[in-house]
Amino acid sequence: MRVLITGASGFIGRALTHRLLDHAHEVIALTRDPGKAQKILGEDVLCVGWDGRSALNWQEHVNQSDAIINLAGENIGKGPWTTSYRKRILHSRVGAGHAVVEAIKNAEKKPRVLLQASGIGYYGDRGDEELDENSEMGGGFLADVIEQWEESTKEVETMGVRRVILRTGFVFGRGGGALAKMTLPYRLFVGGPVGSGKQWLSWIHVEDEIAVIQEFLERDEFSGVFNLTAPHPATLGEVSKHLGKAMRRPSWLPVPAFALKLMLGDMAKETALTSQKVLPGKLLQANYSFQYTSVSEALNSIFAD
């Protein structure tokens with residue numbers, strides 16, 4: 001299968017690209033910096049430049065692709081959500097989605113499937129409520145962005161292209177993702193829970209994330225919205241405890257909620273301080289077998305010597 005990926009040089013994209021290559025698939029990576037992406041992804045990947053908002057310079061590659069995976073989007077965790085940064089977060093996602101639709105619309109041979117990245121931020125801050133794919137949209141900036149992000153590629157369904165929405169939780173793995181920032185205090189021996197520690201964190205190991213995505217590529221029965229989270233969410237207090245054990249570091253110094261709000265504003269309220277108990281209802285119904293079901297085994301696998 002020939003797979004075209006936007007955002008292939010990101011944390012999930014890198015792991016996914018290597019998995020697809022290992023399973024004898026071909027990968028075309030759309031990137032703003034082909035030279036840099038080539039060094040990251042290796043010589044087996046065809047890196048093609050794009051502007052993130054149109055089909056210019058890469059339209060021809062859609063005709064040769066069996067599938068498109070749209071992972072493109074500005075990192076929401078780089079810093080405070082200023083007005084200009086909010087616009088970048090939104091426009092990078094919606095612009096990429098519209099570009100993908102444009103390319104598919106103009107393709108002589110359309111791909112069989114489009115996998116569209118999304119996030120569990122769609123559900124907003126929901127306390128202890130158990131959430132699945134049938135749960136209603138929540139409130140907040142992230143929920144609004146994600147609604148538009150998902151909507152940006154909906155039109156391909158009218159073109160006969162199967163579409164799967166990947167509502168992904170916090171992805172745990174080596175070298176990036178959610179743990180990249182979480183581990184720094186622990187490395188400095190000042191780790192601990194954020195806020196009350198009672199907020200729910202819905203996570204998934206990167207190996208399960210990319211394995212599920214490969215299943216969606218290869219099995220035509222999957223379509224619609226899927227929560228990509230492990231079957232057992234954990235509170236942030238539990239995650240902090242197990243992270244300290246896995247890293248062999250203390251986990252005793254809480255980070256006050258007010259301090260995060262002062263530093264990061266709404267970003268803190270909608271990420272570290274929000275509570276989302278999201279379950280992978282449709283994956284469980286499909287009897288998907290997760291490799292990592294508990295946060296302790298996931299973190300131990302990542303930090304094992």
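**Exercise 1. Which residue in β4 is the bridge partner of Thr6?**

Solution. The structure is a predicted model, in which local features need pLDDT of at least 70, side-chain atom pairs count only at pLDDT 80 or more, and totals for chains, interfaces and linings use all residues. Residues are numbered from 1 along each chain as its sequence is written, and side-chain values use heavy atoms, with hydrogens and water left out.

Step 1. Helices (H or I, at least four residues) and strands (E, at least two) are DSSP runs, numbered from the N terminus. Two strands pair if DSSP finds at least two bridges between them.

Step 2. Strand β1 (residues 2-6) pairs with strand β4 (residues 67-70) in the parallel sense, over 4 bridges.

Step 3. The bridge partner of Thr6 in β4 is Asn70.

**Exercise 2. Determine the strand order of the sheet and identify its edges.**

Solution. Step 1. The sheet is open, has 7 strands with parallel pairing, and follows the order β3-β2-β1-β4-β5-β7-β11.

Step 2. The edges are β3 (46-49) and β11 (224-228); each has a single partner strand, so one side of each is left without a neighbour in the sheet.

Step 3. From one strand to the next, the twist averages 20°. Angles run from 0 to 180 degrees between N-to-C directions, and axes are lines fitted to C-alpha atoms, for helices over the stretch in contact.

**Exercise 3. Describe how α1 and α8 are placed on the sheet and against each other.**

Solution. Step 1. Helix α1 lies across β1, β2 (26-31) and β4, and runs at about 175° to β1. Helix α8 packs on the sheet, touching β1, β4, β5 (113-119), β7 (162-168) and β11, with its direction at about 170° to that of β7.

Step 2. α1 (residues 11-22) and α8 (residues 206-218) pack at an angle of about 60°, their axes 10 Å apart. α1 is therefore oblique to α8, given that angles under 35 degrees count as roughly parallel, over 145 as roughly antiparallel, 65 to 115 as roughly perpendicular and the rest as oblique.

Step 3. Contact means heavy atoms within 4.5 Å. Among the α1 residues that meet α8 are Phe11, Leu16 and Arg19; those of α8 include Glu209, Ile213 and Gln214.

**Exercise 4. Classify the packing of α4 against α5.**

Solution. Step 1. Helix α4 (residues 83-106) and helix α5 (residues 141-151) pack at about 20°, with their axes 9 Å apart. This makes α4 roughly parallel to α5.

Step 2. The contact is made by Arg86, Ile89, Leu90, Arg93 and Val94 of α4 with Phe141, Val145, Gln148 and Trp149 of α5.
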